[in-house]
Amino acid sequence: MTKSAMSEENPADLPPSDSDIRRRRIRIRAWRRGLRELDILMGGFVDARVDALGDAELVELEELLDLPDAELLSWLAGGVAPPPERDTALLRAIIAFHTHDGPIH
């Protein structure tokens with residue numbers, strides 16, 4: 001049986017795409033921030049939404065993950081408003097993901 005025939009039978013035999021690898025790296029970075037609170041906030045969002053994000057949003061998410069923990073946590077916790085250049089739809093989506101205006105069950 002040829003390699004292409006095997007891949008058609010079981011898609012799991014295919015090597016991961018660059019996009020898959022990138023998303024896996026983002027998941028690892030989101031869950032290993034250093035502050036447990038930030039791990040939960042970023043990791044929870046990433047687990048739920050990273051597969052639906054486009055390339056531009058992945059770039060923005062990677063930039064957020066590069067920021068210092070204290071700065072990012074202050075924005076996510078609502079202690080400090082993010083500067084205008086960081087107040088984006090993605091950051092607001094992360095904040096909204098963890099904001100509950102009613103029962104969560």
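**Figure 1. Arginine 86 is partly exposed, with a relative accessible area of 23%.** The model shown in this and the following views is predicted. The partner in this close-up is glutamate 63, which forms a salt bridge with arginine 86; the closest N and O atoms are 3.8 Å apart. Glutamate 63 lies in helix α4 and arginine 86 in the loop between α5 and α6 (89-97), so the salt bridge ties together parts that are 23 residues apart in sequence. Glutamate 63 also counts as partly exposed, at 39% relative accessibility. Arginine 86 is, in addition, one of the residues touched by leucine 91.

**Figure 2. Aspartate 66 and arginine 29 form a salt bridge.** The closest N and O atoms of this pair are 2.5 Å apart. Aspartate 66 sits in the loop between α4 and α5 (69-76), whereas arginine 29 belongs to helix α2, so the pair ties together parts that are 37 residues apart in sequence. Aspartate 66 is exposed, because its relative accessible area of 56% is over the 50% limit for that class. Arginine 29, at 32% relative accessibility, counts as partly exposed. Arginine 29 is also among the α2 residues that meet α4.

**Figure 3. Arginine 22 forms a salt bridge with aspartate 55.** The closest N and O atoms are 4.0 Å apart. The pair links distant parts of the chain: arginine 22 is in helix α2 (residues 18-31) and aspartate 55 in helix α4 (residues 55-65), 33 residues apart. What are the relative accessibilities of the two partners? Arginine 22 has a relative accessible area of 21% and is partly exposed. Its class follows because buried means under 20%. Aspartate 55 counts as exposed, at 56% relative accessibility. The salt bridge is part of a network that links Arg22, Asp55 and Glu62. A search of the whole structure finds 9 salt bridges.

**Figure 4. Helices α2 and α4 cross at roughly 30°.** Their axes come within 11 Å. The angle makes α2 roughly parallel to α4, because angles under 35 degrees are placed in that class. The crossing is left-handed. On the α2 side the contact is made by Arg22, Arg23, Ile26, Arg29 and Ala30, and on the α4 side by Asp55, Leu58, Val59, Leu61, Glu62 and Leu65. The residues of this contact divide into 6 nonpolar, no polar and 5 charged. Arg22, Asp55 and Glu62, which are linked in a network of salt bridges, are included in the contact.

**Figure 5. Helices α4 and α6 pack at an angle of about 70°.** Two packed helices are described by the angle between their axes and the distance between the axes. For α4 and α6 the axes are 10 Å apart. The two helices are therefore roughly perpendicular to each other, as angles of 65 to 115 degrees belong to that class. Which hand does the crossing of α4 and α6 have, left or right? The crossing is right-handed. Glu57, Glu60, Leu61 and Leu64 of α4 make the contact with Leu90, Leu91 and Ile94 of α6. Of these residues, 5 are nonpolar, none polar and 2 charged.

**Figure 6. Leucine 91 of helix α6 is buried.** The relative accessible area of leucine 91 is 1%. Leaving out residues up to four places away in sequence, leucine 91 touches Glu60, Leu64, Leu72, Trp75, Leu76, Pro82 and Arg86. Leucine 76 is 15 residues from leucine 91 in sequence and 8.1 Å from it in space, C-alpha to C-alpha. Glu60 and Leu64 also appear in the contact of α4 with α6.

**Figure 7. Alanine 96 lies in helix α6.** Alanine 96 counts as partly exposed, at 47% relative accessibility. Phenylalanine 45 is 51 residues away along the chain, and the C-alpha atoms of the two residues are separated by 9.8 Å.

**Figure 8. The protein has 6 helices and 0 strands.** From the N terminus on, the elements run α-α-α-α-α-α. Of the 105 residues in the protein, 28% are buried. Among contacts with a separation of 6 or more, residues 24 or more positions apart account for 58%.

Conventions: Residues numbered from 1 in each chain as written. Predicted model: local features only at pLDDT ≥ 70, side-chain atom pairs only at ≥ 80, totals over all residues. Heavy atoms only, no water. Salt bridge = Lys/Arg side-chain N within 4 Å of Asp/Glu carboxyl O. Helix = DSSP H or I, 4+ residues; strand = E, 2+ residues; numbered from the N terminus. Buried < 20%, exposed > 50% of the residue type's maximum accessible area, 1.4 Å probe, protein only. Axes fitted to C-alpha atoms, helices over the stretch in contact; angles between N-to-C directions. Parallel < 35°, antiparallel > 145°, perpendicular 65-115°, else oblique. Left-handed = near helix turned anticlockwise from the far one by under 90°. Contact = heavy atoms within 4.5 Å. Nonpolar A, V, L, I, M, F, W, Y, C, P; charged D, E, K, R; others polar.
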